[in-house]
Amino acid sequence: MSRKSKSIEDTRNMFKKMTTKATDSKSKHQFLVSGHKFNVDTFYSPHKAVGSGAYGVVCATIDNRYNRKVAIKKCSNAFEDIIDGKRILREVRLLQAFDHENICPLLDMIPPTDPHKFTDVYIVLNYMESDLHKIIYSRNKLTDEHYQYFVYQILRGLKYLHSKKVIHRDLKPSNLLVNSNCDLKICDFGLARGLDWKTELTEYVVTRWYRAPEIMCSHQDYNEKIDMWSVGTILAEMIRGKPLFAGDHYIHQLNLIFELIGTPNLKDDLECVSNVKALKYIQKLSPKTTKSFEKYFGGCHGATPDAIDLLKKLLRFNPNKRISVDEALEHPYFRALHSEKNKQSADAVCEKEVSYDWEFKCKTKKGLKQQMYKACVEVRAESQAKWIEHQKNASKQDKNIKNEH
Ligand SMILES: Nc1ncnc2c1ncn2[C@@H]1O[C@H](COP(=O)(O)OP(=O)(O)OP(=O)(O)O)[C@@H](O)[C@H]1O
Ligand SMILES: [Mg+2]
C-alpha cells in the first residue's frame, strides 16, 4: 500500500470513529480561547483567537480532516435572551441558503452532546485572515484600486442578497472579512432579514455610524437601500481613514449627516420622514446646503472623480433617489473590474429558499433551543456529506495514481 492510500485509510478509520460518536462527549475536547472555553470535536484544534463581537468569540482553528483553517464562532449563553438567540439562528438559516464568493460560507456546526441542556452554540465558518476595520486602521496604505476592489466585492455580495430580498442591515468594516489577496466576504448576518418576512422591521439595526437616515426618520419603513447607504459610509471611511459620521447618539448622528449632505428638502423628500418627532426636529433646523464632496473627499484625501460621483449617489438622503446595487455595479468607478466574465458571476442569484418558518416556533426559550438543535444537526449532516464526498474523490484520485504506476 502506498503512503498516500495508507493515510486515506487512516483518515477513513478516524472519520468512522468520529461519525459514530458525532455528538458523544468523548469525541470532543476542550480548549481556552481568550478566556472562553471551547468544547468542540477533536478534529478541530485551536490556532489563535481572531476576534470578538457582541455575540461571540471567534477562534481560528485547524480542521484536521482537511488540514485547513476554519473560524469557529462561539456564541455563549445563546438562550438567555430570545432575541439574541434568534439572531444566531437567523444567521445560521440564512448562511445555509447562501452560496456566493463574497459571502462567508457556513461550513459546519457542532451539535451539543445533550439537546436539552446546551447553552452555547458553535458556528464553523470559512477562515479569513482579517477584516476591513483592521485593514483601514493598520499601517497598510490603501489605494484607489483597493477601494474599487473592496466596494465592488461588497456590491456583488449585496446583489446576491438583495436578489433574494434579504437586507444585511449591519454592514460595517468589521463585518467585511478580507484575505491578504484582497478577497472580501460579507459576514455577521445576525441582523439580516428578508423583506417578505412577516415580522416587523425595527429601528434598532445597523451600528449607528453606518445607519441610513431613513432608519431614524421613518417608522419601520425602509428597504434594501439602507445597505447602499452603509456602502457609502464604508467607501468614505476607506478614503478618509476615519469613520464618516461618528455620531454619539441618534440626534448627533443625524446632525453629522446633515452637515455633509445638507438638510433634507422637505418638499421633495417628505415621503422619507414619516416619523413625526424626526419631522419636527428637521423642520426646526436652520437649512444647510450640501458640502462640496470634491473638497471633502478629493484634495489631500485623493478620491478620484468617479469615486466622488459614486459617493454622492450612495449618500443620498432619499432612498428612492439613492443608487441601487445594480446601478452601482454599472457605475464607471468599476469600469476596470466589471468585465463580461465578472458580470456573469455578479449576476448569480440565490436559488435556495431561505427558510424563516422557524421564526414562529421560537416564541419560548425551549422552542428556540429545539430549533437551534435542529439547525445544528442539519448543518452537521450537510458538512459530513461533504466530507464523505471529499473522501471518495481522494480515494478515486489515489486509485488513479496507483493504476498509473
Ligand atoms: N470567518 C472568519 N474568519 C476570520 N475572522 C472572523 C470570521 N468571522 C468573524 N471574524 C472576526 O470576528 C469578529 C466578530 O465576528 P462577528 O461580526 O461575526 O461577530 P458578532 O459578535 O456578531 O459581532 P458584532 O459585534 O458586529 O455584533 C469580526 O469582526 C472578525 O474580525
Ligand atoms: Mg460583527
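**Exercise 1. State which residues make up domain 1 and domain 2, and describe how the two domains meet.**

Solution. Step 1: the domain assignment of the protein gives domain 1 as 16–128 + 352–402 and domain 2 as 130–187 + 198–346; such bounds come from an automatic or database domain assignment. The structure is a predicted model, in which local features need pLDDT of at least 70, side-chain atom pairs count only at pLDDT 80 or more, and totals for chains, interfaces and linings use all residues. Residues are numbered from 1 along each chain as its sequence is written, while chains are lettered from A and ligands numbered from 1 in the order in which they are written.

Step 2: the C-alpha centres of domain 1 and domain 2 lie 31 Å apart.

Step 3: eight residues of domain 1 are in contact with 15 residues of domain 2 (contact: C-beta atoms, placed from the backbone, within 7 Å). On the side of domain 1 that touches domain 2, the residues are five nonpolar, two polar and one charged. Here Ala, Val, Leu, Ile, Met, Phe, Trp, Tyr, Cys and Pro count as nonpolar, Asp, Glu, Lys and Arg as charged, and the others, Gly among them, as polar.

**Exercise 2. Determine the strand order of the open sheet of five strands, and explain what is particular about E3 and E6.**

Solution. Step 1: the order is E3-E4-E5-E7-E6, with antiparallel pairing. Strands (E, at least two residues) and helices (H or I, at least four) are DSSP runs numbered from the N terminus, and two strands pair if DSSP finds at least two bridges between them.

Step 2: E3 and strand E6 (106–109) stand at the edges, each with a single partner strand, so one side of each has no neighbour in the sheet.

Step 3: E3 is joined to strand E4 (residues 57–63) by seven bridges; within this pair, Lys48 has Ala60 in E4 as its bridge partner.

**Exercise 3. Identify what surrounds ligand 1.**

Solution. Step 1: the shell around ligand 1 holds 21 residues, the closest being Gly51, Gly53, Ala54, Ala71 and Asp188 (a residue is near if its C-beta atom, placed from the backbone, lies within 6 Å).

Step 2: strands E3 (44–52), E5 (68–75) and E7 (121–126) each supply at least two residues of this shell.

Step 3: by class, the shell divides into 11 nonpolar, seven polar and three charged residues.

Step 4: at least three residues of the shell come from each of domain 1 and domain 2.

Definitions and conventions: Two residues are in contact if their C-beta atoms, placed from the backbone, lie within 7 Å.
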